[in-house]
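User: Please take a close look at how side chains are joined to one another in this model, through charged pairs and through sulfur atoms. I would like to know where the partners lie and how far each is covered.

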Amino acid sequence: MILSLLNFFKNKTWLDLLFCILPVIIYAWAFKSIALNVNYVAFDDILILGIIPGFEDASWAVKWKRLTELFPEHRLVFSRSVILLLQTFFGKINLIWAMSIANLCWAGCSLIFYKVFKRTQLSLWYFVPFMWLWFNFQSFENIFWGVSSLCNFGVLLFVFTALYFAVYYPGKIAIALFFAAIATFTYGNGLMAFPIIAVICLFSGRRISFFITFGVATVIAIIYFIDFTPITQNLDFSDPAEVKEGFLGIFGFLGSIATLAAYTAQPLMLSLAVATGMFMTALLLFLFRNQVKYLWDAVWGNKPYRNKEALFALSLAMFVGITALALTYKRIPTDHFEGMFKGRYRMYSTICCISLYLSFLSLSRSSHRKSLSPILFIAAIGLNLVILHSNFADAVNNRRAAVAQEFNARYNADWLGTRMFSMDRAHLEKIRAYYASADPLAEQWSPANLSSEIVCDSLYAPDVFELRNGNITVAFGDVFFSSKKDYTDGAYVLLRSDKHVYAAQPNQQTVPLKTTLRRQMYFAKGISASFHIATIEPGLYRVYLLVRENGRNKIYCTGKTWKEE
């Protein structure tokens, strides 16, 4: 029955188009539901927005220096330029604008995929999995990361555009090199577009373009590294433990989409990601097993490789592979194996899936495409929806954490979070004035007035109040705290002394997928909140519950106190 239904879809272009648009609608709905004009949980946005003060009056030399200043080992010219343009045209910044531009870059990548797909002359039916794979929600850390999302998503658009022109317009190599240069000054791994373009030139039988690419890449690299100062350690090949972590980390990075949830530390899921990465690599080699001879002849026999779609798919795989190797070399000593699974890296595993699917379409027999396409169709849609279910709650918790963090930074001059970034409250407020974020947790009361007593609405005792793994943990287990106006709504926990006031965001869990399907509910009852004791200054604190509902705050006493020594 399912196969008959899918065969019916194949002959209905309007249905294929609907299935292509549907994941975009889901993605846009999730973005609109969660996006807030608030600094991310790290202070990267604040640091990048620091380009604004004094830039307009600076000399051209100083402007270039500030645009290309390393952060931390990347030159974020694109992100800073977008911020400056928004400030110039509108006189202010809204971080949702920056997120929107970044997500348009992400959407732009799908247009590149469609232009490549059109050349296969296959039915639009076969393009549906591209859209469901690409617009999955696992990269939500980038989706909602204010300014930094511009570099993470922007570099992909510029690299893919460069590779597209290198593959399909080899006679216009200057255009490909132009976009590769923009990619380089969008994010560091954009520089990797140059060696890939050089390889494409060899496969396309264009030796002169190869040497031109090499020359331009040399000039760009000199500019990029002219005052480059590494701040991280590199992989120590003499340390067997690091080498092992690096080896497993590469494949875990490639197959990280298999963990489903972006924030997971379950050893089983991480091992599954490693196995998936190995399988992906083996599958790519299998798909190209009959192409090695033609690729070899293209390089040494000057016989241009004719399968452009396969070449583009291979270039995507090369980009992800080089990125994985570079990231392993730079990050394993600091972040170890688990660090290869950060939320902002998850988009590269999706690119692996796109590369494999395009390789399958361009290299497989027609009979294999027809027999496997229904399975891939269902798998892509199912994977997208399961990933959405696995990550939506984490994205909501992440945004609430950003709200709580900004609260803590604003009302505690000595807060550890700002000190870790060598930033004081005055600078934070100066930069915050540009994007003028709301302060939802401060409404209906005055957190800065520590001398006044809080008038509680009533008593609300927690079910859990304890020190757990270095965190003051407060939990309320049997009550469902719903969001009505937006996802700043929720139950936050406050610690208040005569000198400090801290907020912790509510972390909500999801019900199992089968419960969602059976009962049409998503969030489970109860919330938990925690404060790491390193971020709490000494003092005697009263514990409060701030419930924000429909955009209004009510504060409840809990009857609990905490003494931090």
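Analyst: A residue is called buried under 20% relative accessible area, exposed over 50%, and partly exposed in between (1.4 Å probe, protein chains only). This is a predicted model, in which local features need pLDDT of at least 70 and side-chain atom pairs count only at pLDDT 80 or more, while totals for chains, interfaces and linings use all residues. Residues are numbered from 1 along each chain as its sequence is written, and side-chain values use heavy atoms, with hydrogens and water left out.

The charged pairs come first. The whole structure contains 11 salt bridges, each being a side-chain nitrogen of Lys or Arg within 4 Å of a carboxyl oxygen of Asp or Glu. One of them pairs Asp335 with Lys342, whose closest N and O atoms are 2.9 Å apart. Lys342 is partly exposed, since its relative accessibility is 22%, whereas Asp335, at 19%, counts as buried.

Another salt bridge brings together Asp227 and Arg75, with an N to O distance of 2.5 Å. These two residues link distant parts of the chain, 152 residues apart. Asp227 belongs to the loop between helix 12 (207–225) and helix 13 (240–254), and Arg75 to the loop between helix 4 (60–67) and helix 5 (77–90). Helices here are DSSP runs of H or I with at least four residues, strands are runs of E with at least two, and both are numbered from the N terminus. Coverage differs across the pair: Arg75 is buried, with a relative accessible area of 3%, while Asp227 is partly exposed at 47%.

Within helix 20, the side chain of Arg432 meets that of Glu429 in a salt bridge, at 3.6 Å from N to O. Both residues lie in this helix, three residues apart, which is about one turn. Arg432 is buried, as its relative accessibility is 10%; Glu429, at 25%, is partly exposed. This pair also belongs to a wider arrangement, for salt bridges with shared partners connect Glu406, Arg410, Glu429, Arg432 and Asp439 in one network.

The sulfur atoms complete the picture. The structure has one disulfide, defined as a pair of cysteine sulfur atoms within 2.5 Å. The disulfide connects Cys456 with Cys557, and its S to S distance is 1.9 Å. With a torsion of about 75° about the S-S bond, the disulfide of Cys456 and Cys557 is right-handed. Cys456 sits in the loop between helix 20 (425–435) and strand 1 (464–468), and Cys557 in strand 7 (residues 552–564), so the pair ties together parts that are 101 residues apart in sequence. Cys456 is partly exposed, with a relative accessible area of 21%, and Cys557 is also partly exposed, at 25%.

Other cysteines remain outside any disulfide. Cys20 is in none, and the nearest cysteine sulfur, which belongs to Cys109, is 16 Å away. Cys20 counts as buried because its relative accessible area is 7%. Cys109 is likewise in no disulfide; for this residue, the nearest cysteine sulfur is that of Cys105, 7.5 Å away. Cys109 is buried as well, with a relative accessible area of 0%.
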